[in-house]
Amino acid sequence: MHLLTIGINHHTAPVALRERVAFPLEQIKPALHTLKDAWARRDDVRVAAPGAAARIVHAQQALAEAAILSTCNRTEIYCATDDRAAREHAIAWLSSYHRIPVEALAPHIYALPQSEAVRHAMRVASGLDSMVLGETQILGQMKDAVRTASEAGALGTYLNQLFQRTFAVAKEVRGQTEIGAHSVSMAAAAVRLAQRIFENIAGQRVLFIGAGEMIELCATHFAAQNPRELIVANRTVERGSKLAERFGGKAITLADLPSRLHEFDIVVSCTASTLPLIGLGAVERAVKARKHRPMFMVDLAVPRDIEPEVAELDDVFLYTVDDLGSIVQEGNAIRQAAVAQAEAIIETRVQAFMHWLEQRSIVPVIRHMHTQADRLRRVELERAQKMLARGDDPAAVIEALSQALTNKFIHGPTHALTHAAGSDRDKLVDLMSGFYQHVGPSER
């Protein structure tokens, strides 16, 4: 069984592409079913390793386990598979699912096998691969992804072990390093950008669209600046009101946005909507009603909540999650020592996991060896019992039994040695010599 991570993130693709391959949380479970079904429907795949004869991999056995992690910065598919063509199959499925041509998607995809996949998962969970170095939100998002995959019946021994060890590593990194120290969150970066547009946020009206964790963080940072008014617009008014009341604000419905958008100087949006909530026309009307007073807008959603064409309007300053990247990088230099320490912890845990994986890979071989040995034992035992039943000398029967078992057990190694040549024979000689050296006196 091999591990593979296929993904696209903020390092490899702009938000315009990331939003097209994003999976809302409620879509991940059915998407996993679709992924496994798509693999199962494929014809048997003929694959050949270099220097080896082609073999048939049955599609239903190709994809054993899978999980999908989708956030504003990344969409990743974690797989445990026997399919040597897994990379191509995963990209083809992602392309088909989101209706994006393969040639448009493939250049932005990274494919990480085995230890690279393990290392990547641990770095992601620890906040080392985030736009905000050391941020903690990704760990919760990864746990949600694992929980969803488990509910979908898509997890098994390998990915379960990978993610449980990954979560333990993330906890260890947070506890033993200062990776999160001096970090600048997206919410803090949004405030800094707003302060470049408005000298004093205390005199501005602020609108938050959505009521999730990111909006809650942003509201906390902006509320600290004592804005003139704070409004939360949400699909569910009850949830919006609950958040707004915490900061002395009020709530409105999403349906109120078109008629009230012009009232706000600062707009911060982050919802799970698959389509834009604020279009170009709505912002044009708002700017006209504001008599061209500037509007500062931050769209932290992926897919985006605000149509990108809005950025072309005069008097509108629109920033996406990618635009905030340069600001959140501030302070990274201070944390490089913590990064090095975290990487060292992760590397140790990667090696430990790969050792476990290698041990798992030989379990079927060991089980087969036991089965074969037991079969030989039963055959010779049955022969010995027949000899005893007809009255043969017990000592002679035991001698014959031991000789027969010895001959059969060493037949395989002897055959391999006599038919090997060159370096292969030397390796076998060393291996066999080492094996018999480890047989203790009581076993001889």
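**Close-up views**

**View A. Helices α6 and α8 are oblique to each other.** This is a predicted model, so everything in these views is computed rather than seen in an experiment. The two helices pack at an angle of about 45°, with their axes 8 Å apart. That angle is neither under 35 degrees nor in the 65 to 115 range, so it falls in the oblique class. Look also at the handedness: α6 and α8 make a right-handed crossing. On the α6 side, the residues that meet α8 are Val118, Ala121, Met122 and Ala125. Facing them from α8 are Leu162, Arg165, Thr166, Val169, Ala170 and Arg174. Sorted by class, this contact has seven nonpolar residues, one polar residue and two charged residues.

**View B. Gln114 in α6 has a positive phi.** Helix α6 covers residues 114-125, and Gln114 is part of that helix. Its phi is about 45°, even though Gln114 is not a glycine. What makes that worth a close-up? Most residues other than glycine have a negative phi. Is Gln114 buried, exposed or partly exposed? With a relative accessibility of 23%, Gln114 counts as partly exposed.

**View C. Gln137 sits in helix α7 and touches residues elsewhere in the chain.** Helix α7 takes in residues 137-151. Leaving aside residues up to four places away in sequence, Gln137 touches Glu213 and Met214. Now look back towards Ala125, a residue of α6 that also takes part in the contact with α8. Ala125 and Gln137 are 12 residues apart along the chain, and their C-alpha atoms are separated by 9.1 Å.

**View D. Helices α9 and α10 are oblique to each other.** Here α9 (residues 186-197) meets α10 (residues 213-223). Their axes come within 8 Å and cross at roughly 45°, and the crossing is right-handed. Which residues make the contact? From α9 come Met186, Ala187, Ala188, Ala190, Val191 and Ala194, while α10 brings Met214, Leu217, Cys218, His221 and Phe222. By class, that gives 10 nonpolar residues and one polar residue, with no charged residues. Met214 may look familiar, since it is one of the residues touched by Gln137.

**View E. Asn226 is another residue with a positive phi.** Asn226 is found in the loop between α10 and β8, a strand that covers residues 229-234. Its phi is near 55°, and Asn226 is a residue other than glycine. Asn226 counts as exposed, because its relative accessible area is 55%.

**View F. There are zero disulfides in this structure.** A disulfide is a covalent bond between the sulfur atoms of two cysteines. Why do the cysteines shown here not pair up? The closest cysteine sulfur to that of Cys72 is in Cys270, at 6.8 Å, which is too far for a bond. For Cys218, the closest cysteine sulfur is likewise in Cys270, at 7.5 Å, again too far for a bond. For reference, a disulfide needs the two sulfur atoms to be within 2.5 Å. As for their surroundings, Cys72 is partly exposed, with a relative accessible area of 23%. Cys218 is buried, at 0%.

**View G. Arg285 is exposed on helix α13.** This helix covers residues 280-289. Arg285 has a relative accessibility of 56%, so it counts as exposed. Where does His262 come in? His262 and Arg285 are 23 residues apart in sequence, but from C-alpha to C-alpha the gap in space is 7.7 Å.

**View H. Val302 and Pro303 are joined by a cis peptide bond.** The omega angle of this bond is about 5°. As a point of comparison, most peptide bonds are trans. Pro303 lies in the loop that runs between β11 (295-299) and β12 (316-320).

**View I. Thr320 is buried in strand β12.** Its relative accessibility is 11%, so Thr320 counts as buried. What does Thr320 touch, once residues up to four places away in sequence are set aside? The contacts are Val15, Asp299 and Arg304.

Key. Residues numbered from 1 in each chain as written. Predicted model: local features only at pLDDT ≥ 70, side-chain atom pairs only at ≥ 80, totals over all residues. Heavy atoms only, no water. Axes fitted to C-alpha atoms, helices over the stretch in contact; angles between N-to-C directions. Helix = DSSP H or I, 4+ residues; strand = E, 2+ residues; numbered from the N terminus. Parallel < 35°, antiparallel > 145°, perpendicular 65-115°, else oblique. Left-handed = near helix turned anticlockwise from the far one by under 90°. Contact = heavy atoms within 4.5 Å. Nonpolar A, V, L, I, M, F, W, Y, C, P; charged D, E, K, R; others polar. Buried < 20%, exposed > 50% of the residue type's maximum accessible area, 1.4 Å probe, protein only.
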